[in-house]
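Thanks for making the time this morning. I would like to walk you through one model, and please keep the structure open while I talk.

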Amino acid sequence: MPTKTQLHELYYWMQLTRILEEKLVALYRTGKVVGGVYTGRGQEAIAIGTAYALEKDDLLAPMIRNLGSLLVRGFCPEDALAQYLARATSPTRGRDCNLHMGDLGKGVIAPISMLGALIPVMAGAALAVKIQKKRSVALTYIGDGGTSTTDFHEGLNFAAVRKVPLVLVIENNGWAYSTPVARQTANPEFVIRAQAYGVAGFQVDGNDVLAVYEAACKAMDHARQGNGPVLIEAKTMRMRGHAEHDDAWYVPRDEIEHWKTRDPVDRFERYLRETGSMSEEERNTILRRINGEVDRAAELAEQGPLPSGEDAAGGVYHETT
Amino acid sequence: MRQHDKDLHPSAKVPSVREEKLTEGRESVGVALQSALVHSIGAEPLRRMLYYMMLTRELENRIERKLYRQGKIVGGVYVGRGQEAISVGSCTLTRPQDVVCPSHRDMAAFLIRGMTPPRILAQYMGRRDGYTRGRDGNMHMGDLKLHVISFVSMLADNVPVAAGVGLAFKMRKEDRVVLCYFGDGATSRGDWHEGLNFASVEKLPVVYICNNNQFAYSTPVQLQMAVENVADRAPAYGMLGEIVDGNDVLAVYDATRRAIERARAGLGPTLLECKTFRMTGHSAHDDASYVSREVFEEWERKDPISRYQRVLLQEEIISQEKIDAMQRQVIEEIDQAVDWAESSPYPEPEDCLRGVYYEDDE
Amino acid sequence: MSPTTYLEAIRQGIWEEMERDERVFILGEDVGIYGGAFKVTEGMLERFGAHRVIDTPISESAIVGAAIGAAYMGLRPIAEMQFIDFISCAFDQITNFAAKSRYRWGAGVPMVIRGPSGGGVHGGPFHSQNPEMYFVHTPGLKVVAPSTAYDAKGLIKAAIRDEDPVIYLEHKFLYRRVKEELPQDDYTVPIGKAVIRRPGRDLVVLTYGAMVYIAMEAASELVKEGIDLEVIDLRSLLPLDKETILESVRRNNKVFVLHEDTRTGGIAGEIAAVICEEAFEYLDGPVLRVTALDTPVPYSPPLEEFFLPKVPDVLKTARMLASY
Ligand SMILES: Cc1ncc(C[n+]2csc(CCOP(=O)(O)OP(=O)(O)O)c2C)c(N)n1
Ligand SMILES: Cc1ncc(C[n+]2csc(CCOP(=O)(O)OP(=O)(O)O)c2C)c(N)n1
Ligand SMILES: [Mg+2]
C-alpha cells in the first residue's frame, strides 16, 4: 500500500501527464508542432502505475502513449515539448520526433515507430541483465494492435525460453487506429497469451492507477526473482483519435461516454478525496505547481532554436572525438 | 485495497491463468474407436493410405540412403522418416480442389496430390523434368494445377500464404480448404504468429498441421518454446487446438477430418499438433549425435508404418502377402522412377534467364 | 604450423575475442550443442558456457532484436544467421532499429550479424544469396565480405571491436577451400580498407568475396596475352575504400567491377558512379561490369554455372577494355 507521499506523487505524475498533453494539443492546434500529436489520454494510469513500480537500475522502453513513463523516469516536460517542436534543444536534437527519445543513463531505450520492435530489443536488454547477473528488470509496452506483429511473438517467446526479466504490458485500449480489437484477434482476452508462451499473466483494470501499480510491483518481483517474463494486460480505452488529426468518428459515441465515467485521473482524485488522503489545499498546490512547470517548459521549448540544416549530417557512425 | 467501481474487472488477477487446460489431448485412438474408424473409412482408402506411407518411405530411403550417398542428388536432403502418418493421414482427406502447403517433411502430401516419383526424383537431381526445371531443389516444389503450393526455405513463410489462400476461398464462397504444414521450430517465427492470427480473425478455412518431431535441427523443443505443447498456443488465437499421436495414421485422419469439417462449416482454422519424432538427422549430412540411441530405439518401436500394418492385419483389411506384394510394387515403382529421372537431361543453361517475370507464351 | 582454413579463421577470431573480452557473446540457431550448421562455433559452448553461447528459437527478428538490446546494455553480441538468406526475416530490426539508433538518439549498437552467403555450392535460391546491397543502401550499417583466411580473422575481430553494427558476410564456397598460414599474434584488418591482391599496369578489376579468385585466375591468363590486370579486393562494401579505388583508376585508367551479386543495383553501379564523379578525366574506357544475372540463384549445376560470373566472362571484358 503506497504511503501518502507516494499517493501524492502518483497524482502529480498523472496530472502532469494530462496537463502536458493538453498543452501539446494546444500547440498542435496553433500549428506549432512539427508532425502529429499522439496522446495517452485515458491511459495515464498504465504508464504511471508501471513506471512508478520500477527501481533505480531498471530499464524502460516507452511506446507513443507512455509520456507518463518517461516523466517518471526523469525526462522533463521540456524534453517532450522540444521533441514535438523539432528543436535543436530536444533530446534527439531534432533528428527524431515525438516520444522517440531515450537515455541510457536513465535506463530508457528509445522506441522506433515499428510496432512490436521494442519487444525483442527489451528481451535482449533483459538477457544482458541476466548474463551480467544484475537484478534489474526491463519494462515495455505494446498496444492491442501491436500484438499482431512478428516481433511480439518472437520477442516474447525468446524472453520466455531464456527466462529473462521482462515485463510486457499490453495496453488494450480497444482500438488500433480505426481497427477494433475484434478485427485484431479472435480472442480479446489478451492475458490468455501468457499461456501461449508459458509466462505468468496478469489482467488489470488499466484505469485504476493503484491496481496497475500493485500488479506491476508483483510482476516485477516475479521477474526479478528469476521466474521469467510477465505479461500484464491492462484494459483501457483510447479517449481521443489515433492522433490529433483523427476525430475517431468510427468509435461509437456511447463507448466513449461509458469510458468517460471511468476516467483514471478523476477516479484517482475521487479516491484520494474519499479516503482523506489528499486535501483540497494539497490538490490545488500540486496543480499550481504542474501548471507553472508546464507553462515554463513550453516557453523554454519555444525559445529553443531549430537545428541548422548542416546538423542533418554526422553522427551516423561512431566518431572519435 | 482497490478503488471502488462496481462494474469493473476484478483488478490484478494474480497469479497467472495457467491452470486452465484449454487444449484437447488424445494420446492415440483407443481400440473401439480404431475399429469404428476402420469401418467408416473403408478398406480401399485404408489400403491406399498404407500404400502412400510405404511409397513415401521407399522414395525417401532411396533418396537419402542411396542416391545422396552416390552423389546423385544436388544439394541437401531432408526426409520425413517416421513422420509419414502425418501427411498421409491428413492429405488423404483433401478433395481435388483443396489446396496443400507442404513443408520439408511432407513428401506424402506431394505424392497424394498427384506429383509423381519420376519428376520428384528429377527435381532432387536438378534435372530438366523436375518440377522446377532445375531452378530449385528437393522439396521446394509445387504444382498449382494440383493445388500444391511450393515451400520456400524460410520456415513458416507458408503460414500467412495459406491464410491468403483461405481468404480467397472465403471471398468467393468456395467450399474448399487449405492444409498447411510446418515443424515445431517454425512456430517461433513471426510469420507463424501473424498467419495464424489472421486466419483466426477472418475465420478462414485452414487446417494448420504441426509435426512436432521434438527437434529443430539440433535444438530441442524446450529451447524453442516454454510451453509443453504447440497446441497450447491455439487459445491465444481463439482457435481450437488439438493434440494427436502423429505416429498413428488413424488418429491423424480422425482429427484432420474434424478440423476440415469445422473449416468447411465456416468455423475457422484449427491448430493440429501431431506428436512424432524425427528418425534421422536434420538432413542427410547430420548424424544427429545429439539424440541418444535409446530415444531413437524407443521411437523405432512406434514406427507408424509397422504399427498401421498391424492394425490392418488385425482388422483383416489386408493380408501379409498383399503387404509384401505392395512393398515389391513400391520398390519397382521407385526403381523405374530413378531410371527415368536419371535419363532426364540437365536443363539448358540459357533456360536460367527465363521466367523471372511474366512471359507471353506461358 | 599447418595452414588455417577460412572457416577456422572465423572461428579463431570469434574465439579469441571471446577470450579477450567477456562482453562478447554469440546467439543464433544451433550455435551451441551443435556448434553451428557449418561448425563456426564448434567447441564454444563447452569453453564459454550456455550464457555466452546461446541457442535460440527460430526467430531471426528476435535474434537481431535481442542482440540490439544486449548491445545497449554494454555487451558485444554476435548474431548468427544459419544461412545469410534468412537475414530477410530480420530486416526491420537491422534497418530500422540498429542502423538508425546512433543517429537518432546517440545510442550506438556495437554488434555483428554474420552468416554464410554466396553460391557455387548448388544451394538453390534460398541458400546461395548475396544480400549485401539491401544493407549497403542503409546508412548506419557497415558491410564487409572477406575473401582470405587472413582477412576473415582480421575482419571478424575488427567487426566485433567496432562501435557500430557490422554485417559480416562469410562466403560458404570459401569456408574449406581457401587456407593460409596465419600470424600467431593478435591482429585486425581495418574496416573500410581495400587491398591490392595483384598489382597491374594496364587495367584494374574491383571485386570481393569468392570472385577475387576468379579475378586472380583471369589475371594469370591475361599475362600470357600481355595484359597486366590489377586485382583489388574491396573487403568492405560499406564504407567503400574510395581512396584505393580512385588511386588505382588514376594509375590504370581502365576499370571494371566483378561481383557475384546480381547486376541491377549491385555495388558495381555505385562504384561506377563514384569513379565518374571523381576520376572521369583519368578514364580511357567505359567502366564495365561482370556480374551474376538478374535472376534468383538457380539450383541445378548447369544453371548456376551459367548464372555466376566465370573466368571467360572476365577475360572477355578485360580484353575488350584493354583494346580501348
Ligand atoms: C509495424 C507497424 N505497422 C503499422 C504502423 C502504423 N501504426 C501506428 S500506430 C498504429 C495502431 C496501433 O494500435 P495499437 O497497437 O492498438 O496501439 P494504440 O495506438 O491503440 O495505443 C498503426 C497501425 C506502425 N507504426 N508499425
Ligand atoms: C527462417 C529460417 N531460419 C532458419 C532456417 C534453417 N533451418 C532449416 S530447417 C530448420 C529446423 C526446422 O525445425 P522444425 O520447424 O522443427 O522442422 P523439422 O525440420 O523438425 O521438421 C532450420 C533452423 C530456415 N529454413 N528458415
Ligand atoms: Mg521439428
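B:N138 is buried, because its relative accessibility is 7% and the limit for calling a residue buried is under 20%. Please keep in mind that this is a predicted model, so I will speak of computed values throughout. B:N138 is placed in the loop between α5 (117-124) and α6 (158-171) of chain B, and its phi is near 30°, which is a positive value in a residue other than glycine. I point this out because most residues other than glycine have a negative phi. Another example is A:A86, which is not a glycine either and yet has a positive phi of about 60°; you will find A:A86 in the loop between α4 (77-84) and α5 (118-131) of chain A.

Let me stay with chain B and go to the helix that comes before the loop of B:N138, namely α5 (117-124). This helix is mostly covered, with six of its eight residues buried, and those buried residues are B:P117, B:I120, B:L121, B:A122, B:Q123 and B:Y124. What do they pack against? The buried residues of α5(B) pack against α2 (43-67), α4 (107-112) and α11 (320-343) of chain B. After α5(B) comes B:G126, and the phi of this glycine is positive, near 70°.

Also in chain B is the site of the magnesium ion, ligand 3, for which the protein donors are B:D184 through OD, B:N213 through OD1 and B:F215 through its O atom, lying 2.1 Å from the ion. Along the chain these donors follow the spacing D-x28-N-x1-F. B:D184 sits in the loop between β3 (178-183) and α7 (190-201) of chain B, while B:N213 sits in the loop between β4 (206-212) and β5 (215-216), so that this pair, 29 residues apart, links distant parts of the chain. Buried or exposed, B:D184 and B:N213? Both of them are buried.

One of those donors, B:F215, takes us on to the aromatic residues, since B:F215 also belongs to an aromatic cluster together with B:Y217, B:F277, B:Y290, B:F296, B:W299 and C:Y34. The member from chain C, C:Y34, has a further neighbour, as C:K39 lies over the face of its ring at 3.6 Å from the ring centre. A similar arrangement is found for C:R250, which lies over the face of C:Y282 at 5.6 Å from the ring centre.

Over all chains, a search of the whole structure finds 28 aromatic pairs. The pair I would pick out is C:Y150 with C:Y187, whose ring centres are 4.2 Å apart and whose planes meet at 10°, so the pair counts as stacked. C:Y150 lies in helix α6 (residues 149-161) of chain C and C:Y187 lies in the loop between β8 (179-180) and β9 (195-198), so the pair ties together parts that are 37 residues apart in sequence. In terms of cover, C:Y150 counts as partly exposed at 31% relative accessibility, whereas C:Y187 is buried at 10%.

That brings me to chain C as a whole, which has 11 helices and 14 strands. For its 324 residues a compact globule would have a radius of gyration near 20 Å, and chain C, with 19 Å, agrees with that. Its C-alpha atoms fill a box of roughly 60 × 45 × 40 Å along the principal axes, and buried residues make up 68% of the chain. Among contacts between residues at least 6 apart in sequence, 84% join residues at least 24 apart.

I will finish with two places in chain C. C:M133 lies in helix α5 (residues 132-136) of that chain and counts as buried at 17% relative accessibility. Leaving out residues up to four places away in sequence, C:M133 touches C:D261, C:G265, C:G266 and C:I267, and its C-alpha is 19 Å from that of C:M111, a residue 22 places away in sequence. The other place is the peptide bond between C:L238 and C:P239, which is cis, with omega about 0°; C:P239 is in the loop between β12 (236-238) and α8 (242-252) of chain C. I mention this bond because most peptide bonds are trans.

Notes
Residues numbered from 1 in each chain as written. Chains lettered and ligands numbered in written order. Predicted model: local features only at pLDDT ≥ 70, side-chain atom pairs only at ≥ 80, totals over all residues. Heavy atoms only, no water. Phe/Tyr/Trp six-rings, centres within 6.5 Å; stacked < 30°, edge-to-face > 60°. Helix = DSSP H or I, 4+ residues; strand = E, 2+ residues; numbered from the N terminus. Buried < 20%, exposed > 50% of the residue type's maximum accessible area, 1.4 Å probe, protein only. Lys NZ or Arg CZ within 6 Å of the ring centre and 35° of its normal. Donors = N, O, S within 2.8 Å, 3.2 Å for Na, K, Ca; no water. Rg over C-alpha atoms; globule rule 2.2 N^0.38 Å. Contact = heavy atoms within 4.5 Å.
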